[in-house]
Amino acid sequence: MAIKVVAERHPPGDRWVLTEDTLGGKESIVQPSLTAALNEIYMTTGDKVFTVDAAKGKITVDEEIQHGPRVWDLYGEHSKDLLTG
């Protein structure tokens, strides 16, 4: 299970900034609310399932849930094309 922090809260108030890994080179912008941060994460990464830890001020995603389990062929190689073709 690969849990990844995608955004952190920056006080004061309900302001959120996406992590550099999540942004993938884009410029960091402070999101004015949790809803705006979740929408930006979805628009940037396509992730739809989030965990918000209000005490720690972090939004995380489980990459395995988002993208499904890895698919291996008979020889142990990672490829979805081998199973569909």
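**Exercise 1.** In this predicted model, determine which residues Leu23 touches once residues up to four places away in sequence are left out, and decide whether Leu23 is buried or exposed.

*Solution.* Begin with the contacts: not counting residues up to four places away in sequence, Leu23 touches Leu18 and Ser28. Next, place the residue in its element, which is helix α1, spanning residues 20-23. Then turn to accessibility: the relative accessible area of Leu23 is 9%, and because buried means under 20%, Leu23 is classed as buried. Finally, for a distance along the backbone, the C-alpha atoms of Leu23 and Ala7 are separated by 9.7 Å, with their positions 16 residues apart along the chain.

**Exercise 2.** Find how many salt bridges the whole structure holds, and work out which elements the pair Lys58 and Glu8 ties together.

*Solution.* A search of the whole structure gives 2 salt bridges. In one of them, the side chains of Lys58 and Glu8 meet at 2.9 Å, N to O. Lys58 belongs to strand β4 (residues 58-62) and Glu8 to strand β1 (residues 3-9), so this pair ties together parts that are 50 residues apart in sequence. As for accessibility, Lys58 is partly exposed at 27%, and Glu8 is partly exposed at 30%.

**Exercise 3.** Locate the partners of the salt bridge between Glu40 and Lys26, and state how accessible Glu40 and Lys26 are.

*Solution.* The closest N and O atoms of Glu40 and Lys26 are 3.6 Å apart. Since Glu40 lies in helix α2 (residues 34-45) and Lys26 in the loop between α1 and α2, the pair ties together parts 14 residues apart in sequence. Glu40 has a relative accessible area of 23% and is partly exposed, while Lys26, at 45%, also counts as partly exposed.

Technical notes: Residues numbered from 1 in each chain as written. Predicted model: local features only at pLDDT ≥ 70, side-chain atom pairs only at ≥ 80, totals over all residues. Heavy atoms only, no water. Helix = DSSP H or I, 4+ residues; strand = E, 2+ residues; numbered from the N terminus. Buried < 20%, exposed > 50% of the residue type's maximum accessible area, 1.4 Å probe, protein only. Contact = heavy atoms within 4.5 Å. Salt bridge = Lys/Arg side-chain N within 4 Å of Asp/Glu carboxyl O.
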